[in-house]
Amino acid sequence: MSHDPNCLFCKIAAGEIPSTKVHEDDEFVAFRDIRPAAETHVLVIPRKHIATLTDCHESDAPLLGRMLVLVARLADKLGVAYTGGETGFRTVINTGPGGGQEVYHLHAHLLAGPRPWLRMG
Ligand code: AMP
Ligand code: ZN
């Protein structure tokens with residue numbers, strides 16, 4: 001299924017639910033986490049509805065690769081890239097209840113900023 005009408009992040013990608021977007025293209029949307037755990041906390045999602053990382057197949061490898069590269073480019077754009085010294089950011093994909101996943105549409109967290117973080121630290 002490329003769009004799940006009951007999925008929160010599909011609705012955000014379609015603009016049916018408001019979000020603070022920091023990036024949008026044909027394949028991905030990135031927006032600020034509504035409950036940020038760090039000064040910079042952005043979620044990067046594919047427009048395609050994939051529930052979890054476990055649901056990904058070999059055929060999704062190009063999408064996953066582009067998603068990670070997008071995280072890196074957004075880190076540049078948001079001023080949190082690794083440029084030496086103490087700089088840098090964290091990329092997290094929670095999978096299933098055991099991994100702390102709350103929203104079942106694949107997403108990568110991009111976290112950065114001064115510690116302590118509220119969670120995911
Ligand atoms: P996860 O626990 O990996 O599934 O992460 C889901 C994230 O989505 C959490 O950090 C939530 O704060 C965030 N979230 C939930 N609803 C929204 C929303 N409407 N807009 C932005 N972020 C959201
Ligand atoms: Zn979805």
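**Entry 1. The annotated position.** I began with the UniProt record, an unreviewed entry, which lists His 107 under "active site". I note that the model I consulted is predicted. I located His 107 in the loop between strand 4 (90-92) and strand 5 (108-112).

**Entry 2. Surroundings of His 107.** Is His 107 buried or exposed? I read a relative accessibility of 6% for His 107; the cut-off for buried is under 20%, so His 107 counts as buried. I then listed its contacts, setting aside residues up to four places away in sequence: His 107 touches Phe 9, Leu 43, Val 44, Ile 45, Met 67, Val 92, Ile 93 and Gln 101. Which backbone oxygen does the side chain of His 107 reach? I found that of His 105, at 2.7 Å.

**Entry 3. Gln 101, a contact of His 107.** I followed the contact list of His 107 to Gln 101. Gln 101 also has its place in the loop between strand 4 and strand 5. Its relative accessible area is 7%, and Gln 101 is therefore buried. I looked up where its side chain points and recorded two backbone oxygens: that of Val 103 is reached at 2.9 Å, and that of Ala 51 at 3.1 Å. Apart from neighbours within four places in sequence, Gln 101 is in contact with Ala 51, Thr 52, Asn 94, Thr 95, Gly 96 and His 107. Ala 51 thus appears both as a contact of Gln 101 and as the owner of a backbone oxygen that the Gln 101 side chain reaches.

**Entry 4. Cys 7.** I turned next to Cys 7, which lies in the segment before helix 1 (8-13). With a relative accessible area of 6%, Cys 7 is buried. Which residues does Cys 7 contact, leaving aside neighbours within four places in sequence? I found His 49 and His 105. His 105 is also the residue whose backbone oxygen the side chain of His 107 reaches. I checked one separation as well: Cys 7 and Asp 26 are 19 residues apart in sequence, and their C-alpha atoms are 19 Å apart in space.

**Entry 5. Secondary structure.** I counted 2 helices and 5 strands in the protein. Along the sequence I read the pattern α-β-β-β-α-β-β. I examined the pairing of strand 1 (residues 21-24) with strand 2 (residues 28-32): the two run antiparallel and are joined by 3 bridges. One bridge pairs Glu 24 with Val 29 in strand 2. The two strands form a hairpin, and I noted 3 residues between them.

**Entry 6. The protein as a whole.** How does the radius of gyration stand against that of a compact globule? For 121 residues the globule value would be near 14 Å, and the protein has 14 Å, so the two agree. I recorded the box filled by the C-alpha atoms as roughly 45 × 30 × 25 Å along the principal axes. Buried residues make up 40% of the 121 residues; His 107, Gln 101 and Cys 7 are among them. Of the contacts between residues at least 6 apart in sequence, 53% join residues at least 24 apart. Finally, I noted an exposed area of about 6,800 Å², of which carbon and sulfur atoms supply 55%.

Technical notes:
Residues numbered from 1 in each chain as written. Chains lettered and ligands numbered in written order. Predicted model: local features only at pLDDT ≥ 70, side-chain atom pairs only at ≥ 80, totals over all residues. Heavy atoms only, no water. UniProt positions renumbered as here; feature names shortened; annotations may be inferred. Helix = DSSP H or I, 4+ residues; strand = E, 2+ residues; numbered from the N terminus. Buried < 20%, exposed > 50% of the residue type's maximum accessible area, 1.4 Å probe, protein only. Contact = heavy atoms within 4.5 Å. Polar contact = N/O pair within 3.5 Å; in protein donor to acceptor, adjacent residues only side chain to side chain. Rg over C-alpha atoms; globule rule 2.2 N^0.38 Å. Areas by Shrake-Rupley, 256 points an atom, 1.4 Å probe, with all protein chains shown as cover. Pairing = 2+ DSSP bridges.
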